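Me: I'd like a close look at one part of this model, the place where the two chains meet. Could you walk me through it, then follow the thread into whatever sits around it?

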Amino acid sequence: MKDWIVSTRTFCQAGAAAVLAAALTVAAAAAEDFKPSWERVGDGILLSVVPPSNIPPINKPEFVSADEADNFLCDTEPVLGVYDGQVARAYSLWLLDRHEVVNDSTPGFGPIAVTW
Amino acid sequence: MVYTRTVEGKELRLASSGKLYKDVLLLVDQDNGALYRQMDGATFRGGDSRARLTPLPALQTTWGEWKRLHPDTLALRKDSRIRDTLYQRYLADERLGVAGTRNPDARLPGKGLVVGIEEAGRALAVSLEALRRSRLHQTRFGGQPLLVVLLPSGDTARVFSRRVGKRTLSFEPLPGEGELRLRDRETGTLWSASSGRALAGPLAGEQLLPAQHKLSYWFAWAAYHPETRVEP
């Protein structure tokens, strides 16, 4: 491991609460004229929680090497990992919290939706 | 969960619908508004079963653990200001679902994690809590002999078929610290549990085939799969 990675890794512990609070404020403001609702469907309940436009999918995903990703991913950060027999890709769940869907394509699988 | 997004030859552009059914997200086709269940890829209101999204193998784990399994992996670029989950409180507390759901099935605690396996409409849940103690679980499901192994982080598991060629293998854990090693009783081959690779012995170089599975909260798994088997 390179030394500079250790020094940039302090972000893995610091500042989480502030970012979280800011993100929730934005979500609340955007949802102001939307009313959450629910209905019974079959043996379950369908909840409309937020307008779909609140959670934009990632349609043009960009990938970087693991070395470069170490600048913005913590080793303890949860990811969804996909291996299609040819390429392996990791998708941060902290990022997917904000987007929930990545419309991607891989050589082995073709068009895929990574969802969270 | 990862799905193919080609349905009957058409490439879909999917997004979050902002809706939950039984506390699990519904995906929306941005072109025609059709809804799909994130839990299993089925269309929300049933209908044409050919129109479902096909699940693909994926692993929910940590970045550190994924790099160990796939050192040449790429990663989706992320704004480095994003430093935590939006759902910290929900992940930590006992609340079920955004509006408060009751655990539909008392066999396991509602917020307990399970390794969920689906096969031809049947479902099997292996408790992660139990797996943390045993580190591996061997079973048969849908005619397939399966091996479920805890990964070193202790937070997730992988599922492999125990069939190699014409043989069905059964595994014993080897004592020792660190990465779990297994030995199969049939050939004496030594295996790495987390990669499913044969390290030494008659089957050296073989690779156990990964099987589809997902990590889920028990209450959501049980709501979608009321008839699910639970092991161990």
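Reply: Here is a walk through the contact between the chains, followed by the sheets and the strands behind them. Keep in mind throughout that this is a predicted model.

Let's start with the contact itself. Chain A puts in 69 residues and chain B 56 residues. Between them the two chains bury about 5,600 Å², and 60% of that is on carbon and sulfur atoms. On the chain A side, the residues that lose the most area to chain B are A:Leu47, A:Phe72 and A:Pro111, which together make up 10% of what that side buries.

Now the polar part. The rule picks out six salt bridges across the interface of chain A and chain B. For one you can click on, try A:Asp75 with B:Lys67, whose side chains meet at 2.8 Å, N to O. Across that interface there are also 34 residue pairs in polar contact, both residues being at pLDDT 80 or more. As for which element of chain A gives the most to the side touching chain B, that is strand E4 (residues 78-83) of chain A, with six residues.

The two chains also share a sheet. Five strands line up as E1(A)-E2(A)-E4(B)-E5(B)-E6(B), forming an open sheet with antiparallel pairing. At its edges stand strand E1 (37-41) of chain A and strand E6 (35-37) of chain B; each has a single partner strand, so one side of each is left without a neighbour in the sheet. From one strand to the next the twist averages 40 degrees. On the chain A end, E1(A) pairs with strand E2 (residues 44-48) over five bridges, in the antiparallel sense. If you want a register check there, A:Ser37 sits opposite A:Ser48 in E2(A).

Back to the helix on the chain B side. B:Lys67, the salt-bridge partner of A:Asp75, has a number that falls within helix H1 (residues 63-69) of chain B, the helix that also holds B:Glu65. B:Glu65 is buried, at a relative accessible area of 2%. What does its side chain have for polar company? A polar atom of the B:Glu65 side chain lies 2.8 Å from the backbone nitrogen of B:Ser153. Leaving aside residues up to four places away in sequence, B:Glu65 touches B:Leu151, B:Pro152, B:Ser153 and B:Thr156.

Those contacts take us to a pair of hairpins. The hairpin of E13(B) and E14(B) has six residues between the strands, and B:Gly154 in it takes a positive phi near 80 degrees. Five bridges join E13(B) to strand E14 (residues 157-161), running antiparallel, with B:Val148 partnered by B:Val159. On the other hand, strand E12 (residues 136-141) of chain B pairs with E13(B) in the antiparallel sense too, over six bridges, and B:Thr139 stands opposite B:Leu146. E12(B) and E13(B) form a hairpin with two residues between them, where B:Gly142 in the turn has a positive phi of about 55 degrees. As for strand E13 (residues 144-150) itself, six of its seven residues are buried, so it is largely enclosed by the rest of the structure.

One more sheet in chain B rounds this off. It is an open one of four strands, in the order E21-E10-E11-E22, with mixed pairing. Strand E21 (214-217) and strand E22 (229-231) are its edge strands, each pairing on one side only.

Key:
Residues are numbered from 1 along each chain as its sequence is written. Chains are lettered from A and ligands numbered from 1 in the order in which they are written. This is a predicted model: local features need pLDDT of at least 70, side-chain atom pairs count only at pLDDT 80 or more; totals for chains, interfaces and linings use all residues. Side-chain values use heavy atoms; hydrogens and water are left out. Two strands pair if DSSP finds at least two bridges between them. Axes are lines fitted to C-alpha atoms, for helices over the stretch in contact, and angles run from 0 to 180 degrees between N-to-C directions. Buried means under 20% relative accessible area, exposed over 50%, partly exposed in between (1.4 Å probe, protein chains only). A polar contact is a pair of N or O atoms within 3.5 Å; within protein, one must be able to donate a hydrogen and the other to accept it, and residues adjacent in sequence count only if both atoms are side-chain atoms. Contact means heavy atoms within 4.5 Å. Buried area is the accessible area (1.4 Å probe) that two parts lose on being put together, summed over both. A salt bridge is a side-chain nitrogen of Lys or Arg within 4 Å of a carboxyl oxygen of Asp or Glu.
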